[in-house]
Amino acid sequence: MSENIDVTLAPLRVGPPRSPISRLLESRLIGWVALAAALLAPFVSASPYSLNVMTTAAIFVLLASGLNIVVGYCGLLDLGYIAFMAVGAYTAGIISKSFELPLLFTIPAVLVMTILAGLIIGAPTLRLRSDYLAIVTLGFGEITRITANNLSVTGGPSGIFGIPGLLKIGGLDVENPAVLYYLTVLVVSLFVLASARLGRSRLGRAWRFVREDEDAAEAMGIHTYKVKLLAYIFGAIWGGLGGVLFAAHLSAVSPQSFIFLQSALVLMAVVLGGMGNMRGVVIGALVISLLPELLRDFASNRYLVFGLLLVIVMVFRPQGFWPARGYERERATVDVDPPAVATEQGR
Amino acid sequence: MTQLIWDGLFVGSFYALIALGYSMVYGIIKLLNFAHGDIYMLGAFIGFALLTSMGGIPASLSLVALLGVLLVSMLLTGGVGVLIERLAYRPLRGAPRLAVLISAVGVSFSLEYGIAAIAGPNPRAYPVRLEGGVFQVLGARVSLPQIVLMLIAAGLMVALNFYIQKTSTGRAMRSIALDANASLLMGINVNAVITRTFFIGSALAGAAGVMAGAYYGKIDFLMGFIIGLKAFTAAVIGGIGNIKGAMLGGLVLGFVEAFGSQWFGGQWRDVFSFAVLILFLTLRPTGILGERVTERM
Amino acid sequence: MTAVLEVKDLQVAFGGVRAVDGLSFSAHEREIIAVIGPNGAGKTSAFNCITGFYRPTSGSVRIKGLETTGKRPADIAAAGVTRTFQNLRLFPDLTVLDNVRAGMHLYGGQSWADAILHTPRFKRSEAMYTDEANYWLDFVGFEGARGVPVRNLSYGQQKRVEIARALARKAELLLLDEPAAGLNYSEKQQLLVLCRRIRDLGTSIVLIEHDMGLVMELSERIIVMNFGREIAVGTPAEVKANPAVIEAYLGKDDEGAQSNGDA
Amino acid sequence: MRIGTRKTILLGIGAAMVITTAGCSGGLLSSGSSDATSSGPVKLGMVVPLSGSSAPTGAYMKNGAQLAVDEINKAGGVLKGRKLELMVEDEACDAQQAVASANKVVSAGVVVSVGGYCSGATLPTLPIFQKANVPMIIPAANSQELVKQGLANVFLINGTGKQQSTTALAFMKKSGFATVALVDDNTSYSKDITTETQAQIEKDGSVKVLLNTSVTAGESDYSAVVGAIMAKNPALVYWTGYYQEGGLIINQLKKAGFTGKIMVADGSVDPSLAKIAGAGAEGVFATMTQTPDTIKGAEKWIANYKAKFNSDPGPYSTQAYDAVRVAAKAIEDAGSTKGADIIKALEAINGFSMFSGPLKFTPEHTLTSGGFVILVIKDGKFILNSVQP
């Protein structure tokens with residue numbers, strides 16, 4: 001009946017947070033603590049390597065929070081999400097390189113392109129059943145990558161190199177890894193917050209209604225097609241900006257970075273963390289992006305370990321580390337945290 | 001032209017064999033079994049191990065030996081498939097479908113890099129080669145091995161179709177595909193059927209693996225990935241969950257690719273295939289033979 | 001009295017089966033109409049046509065004089081129709097309040113920008129949603145936790161939530177599909193009262209119901225359907241007396257069994 | 001309650017600040033990165049694929065480099081007895097991982113990078129080594145893009161795609177192949193050679209390109225490209241991809257009854273090529289910088305290699321080996337581990353003997369002569385072809 005990938009979204013955690021720990025974890029405090037940790041990390045270690053890994057992780061968090069809008073909130077299985085990042089990265093890279101512009105100024109163009117991409121991918125496919133949507137999005141992902149690989153404007157297989165930095169204002173050079181890291185953290189936390197707030201809004205609820213039961217949603221006057229398309233567009237924007245940061249971070253964009261595996265990894269982050277719960281998703285993203293780095297010592301076997309861990313985690317915690325809590329305060333008055341999403345603020 | 005059709009047909013029959021597994025599993029538990037392509041890879045490696053353990057085989061006997069190895073590998077891969085279902089999928093029954101999907105991705109990683117750890121990352125050359133005369137049929141180069149393999153593939157599919165259509169287990173499978181709970185109430189042992197499904201699907205993929213190894217002569221631990229995606233695509237084109245559809249989808253994809261690379265050059269082939277897929281699905285959202293799901297309200 | 005709902009020789013066929021075969025009726029303001037008939041008579045199919053879930057083969061549907069035939073459900077809902085479903089169609093994993101908020105999607109004028117920036121308008125509309133959700137839950141006499149997923153509630157409670165959700169839509173026309181099914185006697189009595197109170201809000205009600213006692217006591221007009229056609233219409237008294245109706249119900253069962261399409 | 005929260009946050013942050021900034025070394029506040037120390041082992045970094053489909057080659061290179069390191073250390077190391085230390089990191093032919101690994105070795109304070117196999121993955125690492133001003137001696141990756149970047153710290157000791165193309169063309173002319181089909185696997189390295197070859201052929205004009213197409217790596221069935229080649233029936237097919245696909249394409253070409261000759265580029269020069277291709281491999285040509293078994297007097301080297309890793313050396317074992325030796329030489333000449341000095345020393349090197357012949361860098365830091373030769377497969381082994389351009 002439904003296009004929801006998650007008809008069986010099994011019982012969520014119900015009722016108010018009981019243990020003091022979970023109460024702390026689900027208070028607004030945790031968001032701040034996370035941010036503080038992110039801001040302080042470089043004081044612990046600021047080697048190029050650790051900065052690089054941390055920046056990559058931050059970008060990955062952005063991607064995950066974007067995909068969470070599509071998969072977690074709206075329940076549309078997208079197996080080609082990385083394509084949006086590719087569009088963003090290439091648009092930014094090409095423009096900034098050909099006009100010698102700092103990446104920052106390419107953002108308007110990136111927004112246009114990614115929204116366009118969202119429409120192109122979404123419009124014809126959103127009527128499909130979820131499984132077909134999955135393969136179609138996968139197809140679009142591959143098409144994007146291969147096209148980038150074949151065209152000369154995208155630099156073919158070796159991609160684009162020597163992309164100028166985000167911005168250069170006098171002394172402050174954003175190409176400096178530390179500065180870039182802080183900028184990334186700033187942007188990412190803003191967007192995580194934004195998507196969390198979206199999740200707790202009228203639109204966010206509409207997304208959930210669509211996920212749970214399209215017909216019932218329609219009967220209540222929710223234009224499911226428009227709502228889904230919006231989810232796609234927001235997801236696309238998040239991904240596109242992820243692409244800009246990616247380009248700024250690597251100063252290079254090449255097709256290998258947008259293979260199907262990458263899409264799968266972002267999806268894993270969302271599911272592993274706890275679909276629909278922004279905090280869980282952030283954690284999932286950190287795990288997925290940092291784990292392979294931590295497993296480096298296993299060299300070629302690290303993916304074996306990674307795979308086994310995935311299975312184990314899923315078997316023992318199918319809802320993800322931190323699923324959304326189906327609970328809101330009784331008789332809540334002004335500025336209530338609405339339901340299911342009560343836990344979803346990146347603040 | 002005829003050459004393209006023949007090539008498409010040949011590659012397509014491989015896709016079909018693997019697509020079957022995808023489609024059956026999907027039909028029964030609505031799971032996109034991402035590890036399926038790697039079962040194909042596993043089959044190839046098991047076959048490799050068996051053949052090398054046999055030592056030198058006279059070329060005359062190679063076909064016989066191969067058939068033997070084919071059967072054994074099918075049994076083993078089938079077993080592995082069942083094992084995977086037990087360990088990685090069954091505990092997740094009733095969990096969000098995406099959780100199972102991720103578990104499947106995990107299994108896929110584990111199989112790929114597990115084999116890499118055991119057999120080493122280097123590609124291996126198959127000890128037994130299907131060599132045979134090439135002759136022209138309507139302007140198409142057709143080789144004996146190709147015919148043999150296609151006969152095997154066709155045989156397996158016919159057998160499977162018979163099994164699904166005529167036997168009680170087959171009926172059980174179809175009924176579960178329609179409504180698992182109702183089937184449970186009807187006293188069907190759902191778990192047993194699911195186990196069988198995984199066994200058959202994996203066995204078919206394993207067979208395809210051995211055949212690929214013997215025909216192409218090279219196997220490596222990542223060989224399952226791309227063909228897995230392709231088979232998945234084929235299953236969807238045919239109408240996922242539909243057995244005949246999977247076979248048909250495999251052949252269709254084979255043709256599309258053959259002509260795609262002919263018309264647009266190799267580097268655009270996959271773009272073409274996926275474009276066709278997308279266009280096709282938007283026009284006929286249930287695949288060629290997929291039945292439209294009409295919901296009661 | 002202006003017609004809230006006008007249905008003109010509505011037809012819908014699945015393959016060969018004519019689920020609805022030339023049904024015409026209209027509902028006026030503050031009117032409670034019951035549609036009755038044996039299983040498979042095409043009642044629910046008619047509902048699904050009116051609310052846009054099925055596309056009528058022919059015929060027309062007008063809401064407050066506005067032609068809505070073949071429009072998509074969301075637009076028809078916007079035109080002023082709201083409904084419940086034969087077998088509950090709530091959002092199982094969302095909280096009670098959220099389920100009711102669904103009915104208010106068309107109100108509040110809160111944009112995504114408001115949501116991201118937490119503008120005053122956002123805060124106001126959220127407060128409004130919550131207050132109204134609570135109001136309607138009180139209205140339908142829902143007791144019990146409102147902050148938990150509806151899947152944890154009893155069937156009776158879920159039915160109330162579904163009605164509350166429909167009411168939150170504040171539409172002129174409410175379609176109830178077997179509201180009393182599975183309710184015990186006292187619950188049915190409460191439903192009766194509730195329906196009258198809804199009518200007093202100025203909402204017309206069209207309900208499909210098998211419980212004759214309830215139908216006879218509640219409705220002002222009754223439309224009897226069989227084989228997709230209207231076989232009788234009138235006040236409860238008239239209908240009771242109508243031989244065609246008696247035949248439809250007591251007549252040869254296998255007829256009822258043959259016809260299907262009431263999906 | 002909210003205010004209380006805020007206070008606690010600020011407290012928390014403050015506290016954390018103190019704790020973290022107190023005891024930590026590598027942090028922002030701590031003074032600078034640990035750069036070239038004047039004592040202790042001299043670190044060499046090597047970023048090569050250890051996972052993914054190119055993992056085998058990565059292993060060959062790792063071994064080759066290790067062999068050199070051990071030999072040099074046995075001979076007393078560099079700079080009056082400081083030992084060399086090799087740090088190998090995985091790159092998986094993926095840009096993102098390559099960047100991570102590059103940063104890792106840079107952070108570890110390596111003085112010279114002796115890695116680089118997949119051009120596509122090596123390219124984005126250039127700026128990282130440049131910022132850290134670590135000289136790169138790239139043993140394998142040889143895409144023209146690497147040269148185009150024009151960075152002072154980048155040295156290629158493998159012939160470039162351009163040089164390889166030149167050799168290929170020269171050979172085609174010499175052995176009188178009038179028509180050729182160019183096939184690549186759509187990777188940076190491979191496409192680089194086909195485009196270069198096509199360009200040079202067009203400039204030269206005496207050979208005709210009938211077909212220039214790409215295949216997708218990692219598949220098994222290449223009947224499509226085989227069909228296209230059969231249709232054009234060129235005198236020579238030049239495959240510039242890696243050996244996994246190369247073997248299959250050769251095999252399938254021969255099965256299809258292709259009568260022309262086949263030539264492969266250095267990425268396909270691997271013992272397994274012949275195994276995969278089967279009987280069809282006999283007489284396949286290759287453009288390659290010399291490999292141990294094609295170099296006279298390399299038997300001893302091979303013996304050492306086997307003794308150490310009990311496996312045959314593979315492609316780029318020698319280049320990796322040489323990369324380390326060149327690095328050691330440069331450090332020795334410079335008498336320091338400062339990037340700038342080493343770069344000067346590298347530029348000054350003249351006639352240092354490597355497997356590919358005496359070393360002298362061109363102004364653009366590539367080999368003066370690519371040192372490419374034509375190999376041919378005989379009895380399943382690559383040997384020097386009798387005809388050389």
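## Chains in contact, and one sheet

In this model, 42 residues of chain C are in contact with 39 residues of chain A, where contact means that the C-beta atoms of two residues, placed from the backbone, lie within 7 Å. The model is predicted: local features need pLDDT of at least 70 and side-chain atom pairs count only at pLDDT 80 or more, while totals for chains, interfaces and linings use all residues. Residues are numbered from 1 along each chain as its sequence is written, and chains are lettered from A and ligands numbered from 1 in the order in which they are written.

**Where chain C touches chain A**
- Two or more residues each come from α2 (73-79), α3 (96-102), α4 (112-117) and α5 (120-139) of chain C; helices (H or I, at least four residues) and strands (E, at least two) are DSSP runs, numbered from the N terminus.
- The biggest giver is α5(C), with seven residues.
- This side of chain C has 20 nonpolar, twelve polar and ten charged residues. Ala, Val, Leu, Ile, Met, Phe, Trp, Tyr, Cys and Pro count as nonpolar, Asp, Glu, Lys and Arg as charged, and the others, Gly among them, as polar.

**Where chain B touches chain D**
- Here 28 residues of chain B are in contact with 27 residues of chain D.
- On the chain B side, α1(B) gives the most, with four residues.

**A sheet in chain C**
- Four strands form an open sheet in the order β2-β1-β4-β5 (chain C), with antiparallel pairing; strands pair if DSSP finds at least two bridges between them.
- β2 (17-28) and β5 (66-67) of chain C are at the edges with a single partner strand each, so one side of each has no neighbour in the sheet.
- Strand β1 (residues 3-14) of chain C pairs with β2(C) over nine bridges.
- C:Val12 stands opposite C:Val20 in β2(C).
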